[in-house]
Amino acid sequence: MFEDDLEPLCLKREVGVINFYALAAGFLTGKYRSAQDATGRARENRVAKYLNPRGLALLNVLDSVAQTHGASPA
């Protein structure tokens, strides 16, 4: 979600914006790889829906791409 009232300021000042939800509440950074990783965290409920075989397979692909480029999944 991008806050409409901040868009003009960001454009005027040429400030880059990274949408938090573009990283699935932090899941796509690789920080949460199991339910235990998310337990007790502020985003526990948000990332729980990604902790399934499909989500974990996606993290494996991101890990591979990141490793190829010497980068982190995020």
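This is a short guided tour of a predicted model, one selection at a time.

**Stop 1: the whole chain**

Start with the full chain in a cartoon view. You will find four helices and zero strands, and reading along the sequence gives the pattern α-α-α-α. Turn the model around a little: along its principal axes, the C-alpha trace spans about 40 × 30 × 20 Å. How does the chain compare with a compact globule of 74 residues? Such a globule would have a radius of gyration near 11 Å, whereas this chain has 15 Å.

If your viewer can colour by accessibility, try it now. Buried residues account for 18% of the 74 residues in the chain. As for contacts with a separation of 6 or more, 34% of them join residues that are 24 or more positions apart.

**Stop 2: helix α4**

Next, select residues 53-68, which form helix α4. At 1.5 Å a residue, its 16 residues should span 22 Å, and the end C-alpha atoms are 23 Å apart, which agrees.

Now show the side chains and look along the axis. Which residues of α4 are buried? They are Gly55, Leu59 and Ala66. These three cover an arc of only 45° around the axis, so they sit on the same side of α4. A rule of helix geometry is handy here: an α-helix has 3.6 residues a turn, so residues three or four places apart point the same way. Swing round to the other side of α4, and you meet the exposed residues Pro53, Arg54, Asn60, Gln67 and Thr68.

Both ends of this helix deserve a click. At the N-terminal end, select Asn52, which caps α4. One of its side-chain oxygens lies 3.0 Å from the backbone nitrogen of Arg54. Then move to Gly70, just after α4, where phi is positive at about 60°.

**Stop 3: the salt bridge**

Keep α4 in view and add Arg33 and Asp63. How many salt bridges does a search of the whole structure find? It finds one, and here it is: the side chains of Arg33 and Asp63 meet, with 2.8 Å from N to O. Arg33 belongs to the loop between α1 (7-13) and α2 (35-38), while Asp63 belongs to α4, so the pair ties together parts that are 30 residues apart in sequence. In general, side chains of opposite charge can pair when their charged atoms come close.

Are the two partners buried, exposed or partly exposed? Arg33 has 33% relative accessibility and counts as partly exposed. Asp63, at 25%, also counts as partly exposed.

**Stop 4: along the loop between α1 and α2**

Stay with the loop that holds Arg33 and pick out three other residues, beginning with Glu14, which is found in the loop between α1 and α2. Its phi is near 55°, a positive value in a residue other than glycine. With 74% relative accessibility, Glu14 counts as exposed. For a sense of distance, draw a line from the C-alpha of Glu14 to that of Ala71: these residues are 57 apart along the chain, and the atoms are separated by 25 Å.

Val17 lies in the same loop, between α1 and α2. At 44% relative accessibility it counts as partly exposed. Add Glu7 to the selection, and you have two residues ten apart in sequence and 9.2 Å apart in space, C-alpha to C-alpha.

**Stop 5: Ala24**

Finish with Ala24, again in the loop between α1 and α2. Although Ala24 is not a glycine, it has a positive phi of about 50°. Is Ala24 buried or exposed? Its relative accessibility is 7%, under the 20% cut-off, so it counts as buried.

What does Ala24 touch, leaving aside residues up to four places away in sequence? Its contacts there are Val47 and Tyr50. Show both, then add Lys49: the C-alpha atoms of Ala24 and Lys49 are separated by 9.8 Å, with their positions 25 residues apart along the chain.

Notes:
Residues numbered from 1 in each chain as written. Predicted model: local features only at pLDDT ≥ 70, side-chain atom pairs only at ≥ 80, totals over all residues. Heavy atoms only, no water. Salt bridge = Lys/Arg side-chain N within 4 Å of Asp/Glu carboxyl O. Helix = DSSP H or I, 4+ residues; strand = E, 2+ residues; numbered from the N terminus. Buried < 20%, exposed > 50% of the residue type's maximum accessible area, 1.4 Å probe, protein only. Expected span 1.5 Å × (residues − 1). Arc of directions from axis to C-beta. Polar contact = N/O pair within 3.5 Å; in protein donor to acceptor, adjacent residues only side chain to side chain. Rg over C-alpha atoms; globule rule 2.2 N^0.38 Å. Contact = heavy atoms within 4.5 Å.
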